[in-house]
Amino acid sequence: MLRIAIDAMGGDFGPEPIIEGLITALKKNNNFSAIAVGNKTQLLQLIPQNFLSRVEILDTNDVISMSDSATDALKRKDSTIFKAIELVREGNADAVVSAGHSGATMSLATLRIGRIKGVSRPAIATLMPTSENQNTLVLDVGANVDSDAKNLFEFAVMGQVYAQYALRLDEPIVGLLSNGEEDSKGNEVTKEAYKLISKIPNFAGNVEGSDIFKGTVDVVVCDGFVGNILLKTAEGVADTIGKIIKKNLKRSLISIAGAVLMRKVFKNLKVRVDYAEYGGAPLLGVKAPVIIAHGKSNPKAIQNAIFQAINAASSNLDNIIEQRLAKYGSTQEN
């Protein structure tokens with residue numbers, strides 16, 4: 001049975017939504033247990049008695065807040081995220097989920113759990129909705145501000161492996177984000193990355209930003225600076241469109257009546273763009289699954305982040321990534 005370490009105190013709203021999401025996940029999946037890291041007195045009040053056999057509590061009171069520096073986490077060994085990461089490092093848990101300080105989580109995971117052999121820098125991946133009944137995996141969306149061509153090549157390999165083995169996609173197609181589809185488009189880094197990534201199977205070449213939401217490819221690779229702007233822009237656009245629709249629907253009785261008739265359509269749209277449906281963002285490139293959930297995660301988001309961690313922990317991702325990097329890396333050298 002898999003064991004998932006949960007940073008139970010790290011989210012913006014305290015332990016309540018995190019524990020509620022954990023309990024919901026336990027109800028739906030009998031094949032894992034959890035170690036909740038946080039204030040034992042508070043957590044015991046939130047965990048139903050009949051689930052205590054599947055939830056171990058690791059008592060600690062220190063929480064890395066969003067205003068703290070990521071480097072503080074390395075010194076504060078009694079913090080919830082440090083202890084959660086250590087559980088994985090020591091083999092007492094198979095994966096970790098945190099809605100806390102993302103920088104602290106990334107730093108600790110990279111330094112304490114360690115990078116997969118062949119990985120220069122881990123990357124954060126996220127799922128973007130498309131007009132088709134599928135999602136596009138985008139990485140990196142914030143772990144690395146500056147990336148070179150080799151980093152982008154590694155991201156492509158890691159993203160393809162994750163899409164294939166964690167998301168269960170057959171032969172996922174990879175695209176490199178650029179300012180045009182032509183081979184000649186891009187800056188010096190992306191042009192060099194194009195040459196490296198072209199050696200892996202199912203590489204579609206350059207893709208534009210609009211392709212992410214069309215579902216043209218399954219995996220889109222970019223550096224963390226561009227990826228984070230892309231992510232925040234997409235979130236802003238989705239929020240603005242929602243507000244515009246709500247505002248216009250209230251303008252007349254006909255609009256209100258139409259909204260009632262289209263209730264199911266709006267519900268489906270909300271599901272497609274709701275971050276809670278996707279759970280969290282996996283940190284790819286470290287030796288064990290680390291899922292970074294949004295600080296404002298509700299119980300549903302935590303539940304789905306836990307399911308992501310379970311899927312990743314069941315997929316032998318670290319070994320497959322290491323093998324693929326060795327294979328395609330040697331191809332570059334020959």
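Author: Two strands pair if DSSP finds at least two bridges between them; helices (H or I, at least four residues) and strands (E, at least two) are DSSP runs, numbered from the N terminus. This is a predicted model, in which local features need pLDDT of at least 70, side-chain atom pairs count only at pLDDT 80 or more, and totals for chains, interfaces and linings use all residues. Residues are numbered from 1 along each chain as its sequence is written, and side-chain values use heavy atoms, with hydrogens and water left out.

Reader: Which residue in strand 6 does P129 stand opposite?

Author: P129 belongs to strand 5, which covers residues 123–129. Strand 5 pairs with strand 6 (residues 135–139) in the antiparallel sense, over five bridges. In strand 6, the residue opposite P129 is N135.

Reader: Through how many residues does the hairpin join strand 5 to strand 6?

Author: Strand 5 and strand 6 run antiparallel where they pair. The connection between strand 5 and strand 6 is a hairpin, and its length in residues is five.

Reader: Which residue of strand 10 is the bridge partner of I124?

Author: Besides its pairing with strand 6, strand 5 is joined to strand 10 (residues 280–284) by two bridges. Strand 5 and strand 10 run antiparallel. I124, in strand 5, has as its bridge partner in strand 10 the residue L283.

Reader: How many residues of strand 5 are buried?

Author: Buried means under 20% relative accessible area, exposed over 50%, and partly exposed in between (1.4 Å probe, protein chains only). From strand 5, A123, A125, L127 and P129 point one way, while I124, T126 and M128 point the other way. Both groups are buried. Strand 5 is thus mostly covered, and the count of its buried residues is seven of seven.

Reader: Is strand 2 largely enclosed by the rest of the structure or largely open, and how many of its residues are buried?

Author: F32, A34, A36 and G38 point one way from strand 2, and S33, I35 and V37 point the other way. Residues of both groups are buried. Strand 2 (residues 32–38) is therefore largely enclosed by the rest of the structure, its buried residues being seven of the seven.

Reader: Which residue in strand 2 is the bridge partner of R3?

Author: Strand 2 pairs with strand 1 (residues 2–7). The two strands run parallel, and the pairing extends over six bridges. In strand 2, the partner of R3 is S33.

Reader: How do helix 1 and helix 12 lie to each other: oblique or parallel?

Author: Axes are lines fitted to C-alpha atoms, for helices over the stretch in contact, with angles from 0 to 180 degrees between N-to-C directions. Angles under 35 degrees count as roughly parallel, over 145 as roughly antiparallel, 65 to 115 as roughly perpendicular and the rest as oblique. Helix 1 (residues 15–28) packs against helix 12 (residues 299–313) at an angle of about 50 degrees, with the axes 7 Å apart. Helix 1 and helix 12 are therefore oblique.

Reader: Within what distance do the axes of helix 6 and helix 7 come?

Author: The axes of helix 6 (residues 149–165) and helix 7 (residues 188–197) cross at roughly 45 degrees. Helix 6 is therefore oblique to helix 7. Their axes come within 8 Å.

Reader: How far apart in space are R115 and G285, C-alpha to C-alpha?

Author: R115 lies in the loop between helix 5 (102–113) and strand 5. With a relative accessible area of 42%, R115 is partly exposed. In sequence R115 and G285 are 170 residues apart, but in space the C-alpha to C-alpha distance is 5.7 Å.

Reader: Which residue does a cis peptide bond join to L139?

Author: Most residues other than glycine have a negative phi, and most peptide bonds are trans. Here one bond is cis, with omega about 10 degrees. The residue on the other side of that bond from L139, found in the loop between strand 6 and helix 6, is D140.

Reader: What is the relative accessible area of N202?

Author: N202 lies in the loop between helix 7 and strand 8 (203–207). Its phi is positive, near 60 degrees, although N202 is not a glycine. N202 counts as partly exposed because its relative accessible area is 35%.

Reader: What is the phi of N316, about how many degrees?

Author: N316 is in the loop between helix 12 and helix 13 (317–333). N316 counts as partly exposed, at 40% relative accessibility. N316 is not a glycine, yet its phi is positive, at about 55 degrees.
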